[in-house]
Amino acid sequence: LTPTGSTSTKVELRGNVLLLECIAAGLPTPVIRWIKEGGELPANRTFFENFKKTLKIIDVSEADSGNYKCIARNTLGSAHHVISVTVKAAPYWITAPRNLVLSPGEDGTLICRANGNPKPDISWLANGVPI
């Protein structure tokens, strides 16, 4: 089974295509199956290529992080390999701040929600000066 050993790691960026490869040898030729440990493969974004040797997930997000197992099986036995996938992400807006117009003495709230991996630090500045 390639990759060799029982585990390996893969890092991909949010929004990219995740490609995982598992090549098995044996007689009779093994059938390959992919699973995500503790979860499901994303139904509308998962594709298989090269007779299931390659698992392809398009538009990956942080939720796609986890352990993916390829299992090669024939009538004489099986072998498996676990690929630990981490999806990294540059900061992106969940809720971007919007302009706020207030009258003198009126209170208002600015909301800023961002995410990323690693989690971004959020700083507030007024006219370029930290608050």
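User: Hello! What lies between the C-alpha centres of domain 1 and domain 2, in Å?

Analyst: Hi! The C-alpha centres of the two domains lie 39 Å apart. The bounds, which come from an automatic or database domain assignment, are 5–89 for domain 1 and 91–130 for domain 2. This is a predicted model in which local features need pLDDT of at least 70 and side-chain atom pairs count only at pLDDT 80 or more, while totals for chains, interfaces and linings use all residues. Residues are numbered from 1 along each chain as its sequence is written, and side-chain values use heavy atoms, with hydrogens and water left out.

User: What makes a contact between the domains, and how many residues does each give?

Analyst: Contact means heavy atoms within 4.5 Å. Six residues of domain 1 and five residues of domain 2 take part.

User: What is the area buried between domain 1 and domain 2, and which residues supply most of domain 1's share?

Analyst: About 430 Å² is buried, with carbon and sulfur atoms giving 39% of that. Buried area is the accessible area (1.4 Å probe) that two parts lose on being put together, summed over both. On the domain 1 side, Arg14, Glu62 and Ala89 supply 74% of the area buried against domain 2, more than any other three residues.

User: Why is the pair Glu62 and Arg14 called a salt bridge?

Analyst: The term needs a side-chain nitrogen of Lys or Arg within 4 Å of a carboxyl oxygen of Asp or Glu. The closest N and O atoms of Glu62 and Arg14 are 3.7 Å apart, so the pair qualifies. Glu62 sits in the loop between β5 (54–57) and β6 (66–74), and Arg14 in the loop between β1 (7–13) and β2 (18–21), 48 residues apart. The strands are DSSP runs (E, at least two residues), numbered from the N terminus. By this rule the count comes to four salt bridges.

User: How many salt bridges and polar contacts join the two domains?

Analyst: The rule finds zero salt bridges across the interface of domain 1 and domain 2. There are, however, three residue pairs in polar contact, both residues at pLDDT 80 or more. That term means a pair of N or O atoms within 3.5 Å, one able to donate a hydrogen and the other to accept it, with sequence neighbours counting only if both atoms are side-chain atoms.

User: What makes Lys52 stand out, and where is it?

Analyst: Lys52 has a positive phi of about 70° although it is not a glycine. It lies in the loop between β4 (46–49) and β5.

User: Which peptide bonds are cis?

Analyst: One joins Thr2 and Pro3, with omega about 10°, and Pro3 lies in the segment before β1. Another runs from Asn117 to Pro118, with omega near 10°; Pro118 is found in the loop between β8 (113–117) and β9 (125–126).

How values were computed: Helices (H or I, at least four residues) and strands (E, at least two) are DSSP runs, numbered from the N terminus.
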